[in-house]
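Student: I would like to take a close look at a single part of this structure. Could you please guide me through that part step by step, and then relate it to its surroundings?

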Amino acid sequence: MDDQQVHYGDDYKPIPATSISDGISLEIAPHVHYHTIQIVNICFVKLDTPGDFVLIDAGMPDSAEHIITATEEKFGEGAKPSAIILTHGHFDHVGGIIELIKRWNVPVYAHEKELPYLTGKKHYPKPDGTVEGGLIAKMSPMFPNDPIDLGGHVQALPIDGTIPHMTGWRWIHTPGHSPGHVSFFRDSDQTLIAGDAFVTVRQDSLYKVLAQEIEINGPPRYLTTDWKEAWKSVKTLAELNPSVAVTGHGGPVSGEELSTGLDILVNEFDRLAIPDHGKYVNDKEHYKKDH
Ligand SMILES: [Zn+2]
Ligand SMILES: [Zn+2]
């Protein structure tokens with residue numbers, strides 16, 4: 001690679017939180033494998049040419065070695081993806097990316113609206129540690145927040161909805177959790193990679209995060225800043241009728257459990273997902289009127 005000044009934010013640091021799922025790898029649909037890094041999931045999507053694949057998201061801080069090992073276990077020594085595609089740029093989805101770019105020299109793609117946060121230009125709003133419900137939210141002010149700079153290595157996803165290298169897939173803009181958050185969908189078998197648009201574990205319960213108990217829920221609260229958009233995004237995804245989904249946090253869900261869970265979440269998003277109070281919540285009544 002050219003020796004650009006790619007770097008993490010100044011407050012980059014490992015986060016000492018992990019779950020019993022750490023290291024788990026599973027094929028959730030043909031050619032789609034997810035792998036858990038501490039409390040976040042990355043995905044490998046195999047492509048048509050044998051040995052060709054892309055990596056979705058880049059794990060927790062300090063996880064590059066873990067990701068490289070997982071990659072080589074799956075695809076052989078020295079294997080590298082054709083690209084890294086990001087659902088969004090939060091610290092727990094780009095935690096290993098600098099080392100990965102340096103080692104693999106592969107392009108990174110993200111939504112145009114996420115690029116300022118990935119090129120050192122903009123800070124995400126500070127995590128809201130006051131949202132009710134437990135230790136993870138209370139820990140969130142220590143999460144890295146200074147912007148990472150991937151320089152010229154990151155580029156915008158094509159505006160026509162296609163995803164470089166991922167034939168048969170499209171990206172769907174699912175903002176709310178972050179401005180340029182995207183999810184990935186394969187129409188042929190309705191496989192969904194949802195990122196943090198919704199998750200399958202309650203992020204505000206430390207016990208449930210650590211035990212990875214399945215429960216379809218809204219996006220992680222302490223980092224979500226636009227609840228109205230977040231609600232719309234969940235509706236968009238529910239309308240796709242996904243048959244199986246892997247989210248940024250928690251185990252995969254499919255079939256009845258997924259469709260019922262999404263229905264309930266769409267209908268009761270104000271009760272289930274939106275915190276009762278918090279920096280990014282004004283007045284819960286305000287959300288109800290519009291839905
Ligand atoms: Zn996130
Ligand atoms: Zn996340």
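Student: Which residue coordinates both the zinc ion (ligand 2) and the zinc ion (ligand 1), and how many Å apart are the two ions?

Tutor: Please keep in mind that this is a predicted model. The residue that coordinates both ions is Asp196, and the zinc ion (ligand 2) and the zinc ion (ligand 1) are 3.3 Å apart. His93 is found in the loop between strand S5 (84-85) and helix H2 (97-104), while Asp196 is found in the loop between strand S10 (191-195) and helix H5 (206-211); the pair therefore ties together parts that are 103 residues apart in sequence. Both of these residues, His93 and Asp196, are buried.

Let us now consider the zinc ion (ligand 2) by itself. Its protein donors are Asp92 and Asp196, each through OD, together with His93 and His249, each through NE2. These donors lie 2.1 to 2.4 Å from the ion. Along the sequence, the donor residues follow the spacing D-H-x102-D-x52-H. The angles among the four donor atoms run from 84 to 158°, and the site is irregular. A tetrahedral site would need all angles between 85 and 135 degrees, so the label does not apply here.

Strand S10, which precedes the loop of Asp196, also leads us to a sheet. Five strands form this open sheet in the order S8-S9-S10-S11-S12, with mixed pairing. Its edge strands are S8 (169-173) and S12 (253-254), each of which pairs on one side only. S8 pairs with strand S9 (residues 182-186) in the antiparallel sense, over five bridges. In one of these strands, S9, Val182 is the bridge partner of His173.

Aromatic rings offer a further view of the model. The count of aromatic pairs comes to nine. One of them joins Phe53 and Phe75, which are stacked at 3.7 Å centre to centre with 5° between the planes. Phe53 belongs to strand S4 (residues 53-56) and Phe75 to helix H1 (residues 64-75), so this pair ties together parts that are 22 residues apart in sequence. Phe53 has 0% relative accessibility and therefore counts as buried. Together with Phe44, the residues Phe53 and Phe75 form one aromatic cluster. Tyr117 and Tyr124 are also stacked, because their ring centres are 4.2 Å apart and their planes are at 5°. Tyr117 counts as buried at 8% relative accessibility, and Tyr124 counts as buried at 9%.

Notes. Residues are numbered from 1 along each chain as its sequence is written. Chains are lettered from A and ligands numbered from 1 in the order in which they are written. This is a predicted model: local features need pLDDT of at least 70, side-chain atom pairs count only at pLDDT 80 or more; totals for chains, interfaces and linings use all residues. Side-chain values use heavy atoms; hydrogens and water are left out. Two strands pair if DSSP finds at least two bridges between them. Helices (H or I, at least four residues) and strands (E, at least two) are DSSP runs, numbered from the N terminus. Rings of Phe, Tyr and Trp (its six-membered ring) pair if their centres lie within 6.5 Å; planes under 30 degrees apart count as stacked, over 60 as edge-to-face and the rest as tilted. Buried means under 20% relative accessible area, exposed over 50%, partly exposed in between (1.4 Å probe, protein chains only). Donors are N, O and S atoms within 2.8 Å of the metal (3.2 Å for Na, K and Ca); water is not among the atoms, so sites may look incomplete. Four donors count as tetrahedral if all angles lie between 85 and 135 degrees; four count as square planar and six as octahedral if opposite donors are over 155 degrees apart and all others between 65 and 115; anything else is irregular.
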